[in-house]
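Thank you all for coming; I would like to take a few minutes on the charged pairs in this protein and then turn to one of its pockets. Please have a look at the sequence and the structure before I go on.

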Amino acid sequence: MTILPRLRWLAPLLLGALAATGFQPWGLWPLTLLALALLIPLIAAAPRARDAAWIGWLFGVGHFTLGNTWIATAFTFQAQMPAWLGHIAVVLLAFYLAVYPALAMTAAWALRRRTGMVPALAASWVVAEWLRSWVFTGFPWNPLGVVTLGPFDRPGLARIAAWCGTYALSGVVILLAGLWLWAWQRARERRFATAILAALVPPALMLLPIAGIPGDSTLAYTLVQPDLNQNDINNARLFESQFRTLARLSGRVPADGAGPRIVLWPEGGVPDYLRPGYDQTWYQQTTFGGDPALARERMSEVVGQQSLLMTGASDLSLTRRQVTGAYNVITLIDPLGTIRGGYAKAHLVPYGEYLPMRAWLTPLGLSRLVGGDLDFIAGPGPRTIPVPNWGNPGFQICYEIVFSGHVVDRAHRPDYIVNPSNDGWFGPIGPPQHLAQARLRAIEEGLPVLRSTTTGISAVIDAGGGVRQSIPYLATARIDGRVPRALAPTLFARGGNALPLAWCIVVLVTGLVATRRKAR
């Protein structure tokens with residue numbers, strides 16, 4: 001084999017990495033469209049299905065390696081495994097995730113003569129992303145459609161996710177890339193006016209104006225970002241000073257704050273077990289010396305009258321008085337120190353919050369990124385908790401917010417979504433990507449999202465995906481305001497992920513009809 005055939009396999013790898021530059025914090029969406037436009041003819045020219053699959057897999061390796069580099073940072077905040085293993089973990093994860101582009105491009109190659117290459121790839125990519133969202137518990141981080149989000153004050157083309165969902169939005173990105181490819185082909189035919197017009201369509205769509213976003217409700221909020229260093233967050237000697245930081249940022253009611261207020265603390269905001277009933281040894285290494293009632297009372301005093309505190313914490317699972325696991329929870333504490341409800345995280349992070357196949361992997365020296373033998377247990381799923389005076393909040397803890405179609409209890413639609421998070425594990429790249437995906441959930445569901453994080457980026461997102469207020473990465477600050485109003489249930493809020501799958505059928509049928517007419 002000469003060096004030239006070998007180098008041709010480098011092209012999809014580099015195009016995959018180039019396509020990932022459209023994600024945050026880079027936001028170079030034109031390069032994403034360019035990479036996809038160059039990829040399409042490579043797949044179409046593949047001589048066999050296995051060649052198309054190989055191209056797709058290489059593209060995926062480059063794409064997910066660059067897009068998920070933040071994962072390597074998490075390995076620097078634990079002592080159970082060497083930090084260099086994080087870089088290997090990123091590549092190994094990319095090897096697995098690349099299976100989905102490989103499947104999409106194999107299917108597109110098989111359908112290309114019937115429907116056309118671009119519609120086939122758009123539909124196949126949507127199905128592949130949907131599969132990636134739930135197979136082996138799912139890892140839908142950085143769907144391709146996220147590149148359509150504009151700046152904080154301009155959601156742009158991503159607004160159409162309210163009607164079709166994020167996965168269909170990813171298919172739209174493929175169609176836009178195909179339009180650039182078509183423009184290039186027209187330019188080569190010297191049809192310059194047509195080429196220029198086609199080339200201008202994607203940027204025009206990316207700058208779609210905002211329309212129909214309601215104002216604010218009467219419910220006040222204080223959103224706190226304490227900037228708790230991930231190296232220190234579990235240091236018992238610092239628990240009191242960390243609490244004092246939260247207290248300092250929470251107590252003063254805004255000048256216009258007469259009336260009910262919610263105070264939002266991040267995931268992992270307090271190390272205390274706030275519920276009674278556990279063995280005293282579990283309370284002893286916490287902030288308040290083993291008294292959960294005292295912990296709740298002190299927290300309620302900090303936030304003041306008419307304020308409901310929503311804080312990240314942990315609950316324990318007991319079997320015959322023996323602790324068998326834990327729940328990552330949001331606990332709601334009223335001004336009297338009473339627990340008014342709680343939500344347990346349902347989508348847990350593999351290797352972060354539990355160790356899959358623990359009996360096999362522990363003897364091999366593998367462990368969770370968070371130390372300990374006590375795994376977290378999954379909660380039942382999205383839940384709305386009515387709290388008189390403070391509305392009907394829904395909850396998603398950290399990573400859960402990336403699961404399109406699985407963030408709201410559809411039988412009991414909330415007024416707003418609370419999304420506390422600990423992004424301190426993920427360096428400067430993970431937090432802006434996480435925020436972008438929270439914006440997509442707001443658009444899809446037509447609901448505001450309030451994110452309080454340990455280190456940033458904390459934000460208040462309105463129901464159209466616009467960021468009303470935010471606190472930058474690695475800042476200690478708070479923001480105050482009124483909770484944005486929800487929109488009426490969107491089409492996606494009613495139909496869920498049946499909509500992007502239906503979109504695939506429409507695209508394939510349209511491509512089939514167009515191909516047959518062209519053949520005549």
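Which residues are linked with Glu-189 in a network of salt bridges? They are Arg-186 and Arg-191, so that the network consists of Arg-186, Glu-189 and Arg-191. I should say at once that this is a predicted model, and that the structure holds 13 salt bridges.

Let me stay with Arg-468, whose side chain meets that of Asp-216 in a salt bridge at 2.5 Å from N to O. Because Arg-468 lies in strand β10, residues 467-471, and Asp-216 in strand β1, residues 216-225, this pair ties together parts that are 252 residues apart in sequence. Arg-468 is partly exposed at 34% relative accessibility, and Asp-216 is partly exposed as well, at 36%. Arg-468 also meets Asp-462 in a salt bridge, at 3.1 Å from N to O, and Asp-462 counts as buried, with 8% relative accessibility.

Another pair joins Asp-51 and Arg-48, with the closest N and O atoms 2.9 Å apart; here Asp-51 is buried at 9% relative accessibility, whereas Arg-48 is partly exposed at 42%.

Now to the second largest pocket, which holds about 640 Å³ of space. Its lining is made up of 20 residues, and those nearest the centre are Gly-116, Met-117, Val-118, Pro-119 and Lys-518. Two or more lining residues come from each of α3 (29-44), α8 (117-132), α10 (166-188) and α17 (498-519). By character, the lining divides into 12 nonpolar residues, seven polar and one charged.

How values were computed
Residues numbered from 1 in each chain as written. Predicted model: local features only at pLDDT ≥ 70, side-chain atom pairs only at ≥ 80, totals over all residues. Heavy atoms only, no water. 1 Å grid on protein atoms, 1.4 Å probe; cavity = no way out; pocket = protein on both sides within 12 Å on 5 of 7 lines; lining within 4 Å. Points joined across faces, edges and corners; volume = space filled by probe spheres on them. Helix = DSSP H or I, 4+ residues; strand = E, 2+ residues; numbered from the N terminus. Nonpolar A, V, L, I, M, F, W, Y, C, P; charged D, E, K, R; others polar. Salt bridge = Lys/Arg side-chain N within 4 Å of Asp/Glu carboxyl O. Buried < 20%, exposed > 50% of the residue type's maximum accessible area, 1.4 Å probe, protein only.
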